[in-house]
Every structure is written in structure tokens, then in C-alpha cells.
Amino acid sequence: MRFMVIIKANKDTEAGVMPSEQLLTEMGKFNEELVNAGVMLAGDGLHPSSKGARVKFSGDKTTVIDGPFAETKELIAGFWMWNVKSKEEAIEWVRRCPNPTGEESEIEIRQVFEASDFGDEFTPELREQEDRLRAKAAQQNS
């Protein structure tokens, strides 16, 4: 099962405050454990929302909204993609994670849809297209 593990933003991450050397060292060790256990598929930190944008859809019309965005608690500071056996295993890994801010913080765990989750609507042709696109993307990024 794949899970996206989401590190929530706070006032410091939104202000562009970089983590301390100690936190970077602790996170590096944690990431190494994840990789060595075959859990970590990807992971990165994100720039503050002031450097981002949102695209709002209304029917066929799109509107671009530049950051920063309100409600820091709803924003993302970073993420991992993990491959684990269960949500419980993902929770156990998160409980071992160094506190990402050193203050009160929150990490969200969300399961990623697999092809089988989409049912009959995800036809064999659509599955073949998805497999082909994933293979091409992996090849381009290797």
C-alpha cells in the first residue's frame, strides 16, 4: 500500500525559516532508515505558499490565484511517499519521525489510490495507458 505522508506547514515554514542543522541531521537519519527498510519512495520539502499558485476551476474557466494562502494549518511544508503493508505500519513510522518543527506540529497520512480501487470504470485500455505513462515517466526521471 502506498501512502502520502504530509508534513503540515506552520508560521515558520511559511516565513521561509530553514530547519536547523540538528533537525536536518535527524531527518537525514530517519530518511536513511526509511530507505534501508524499503519504505521511502520519494520525499521533499516545499517552498512557502508565497512562492506558489492555485488554479481554480469553474466549469471550463480557470482562474490563477497567487500565494501566499491563508490558514497556515491547512498548508503543506513537505511530504514523503511510502510503500508499507498497512496504515498502522505508516503510523508506526511517523511516530518514530523527529518532530518536523521542534514545536507543536502535525503529520497527516493518506492512502494513495491503486488501479484496482477504481473498479470497472478503469478499463483495460485506461490501465494500459496508465502503466505506459508511469513507465515513461520513470525512464525520464532515471
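Me: How do you know that β1 and β6 pair?
Reply: Pairing takes at least two bridges found by DSSP between two strands. β1 and β6 have five bridges, in the antiparallel sense, so by the cut-off they count as paired. One bridge there puts V5 opposite I109 in β6. This is a predicted model, where local features need pLDDT of at least 70, side-chain atom pairs count only at pLDDT 80 or more, and totals for chains, interfaces and linings use all residues. Numbering runs from 1 along each chain as its sequence is written, and side-chain values use heavy atoms, with hydrogens and water left out.

Me: What makes β1 and β5 partners, and what is a strand here?
Reply: A strand is a DSSP run of E, at least two residues; a helix is a run of H or I, at least four; both are numbered from the N terminus. Residues 2-8 (β1) and 76-83 (β5) are antiparallel and share seven bridges, so the pairing rule of at least two is met. F3 faces W82 in β5.

Me: Why is one side of β2 and of β6 left without a neighbour in the sheet?
Reply: The open sheet has four strands, ordered β2-β5-β1-β6, with antiparallel pairing. β2 and β6 (107-111) sit at the edges with a single partner strand each, so one side of each has no neighbour in the sheet. For β2 (residues 40-45), five bridges lead to β5, including G45 opposite G78.

Me: What makes helix α2 a neighbour of the sheet?
Reply: Contact means heavy atoms within 4.5 Å. Helix α2 (residues 21-36) packs on the sheet and touches β2 and β5. Its direction makes about 25° with that of β5, using axes fitted to C-alpha atoms (for helices, over the stretch in contact) and N-to-C angles from 0 to 180 degrees.
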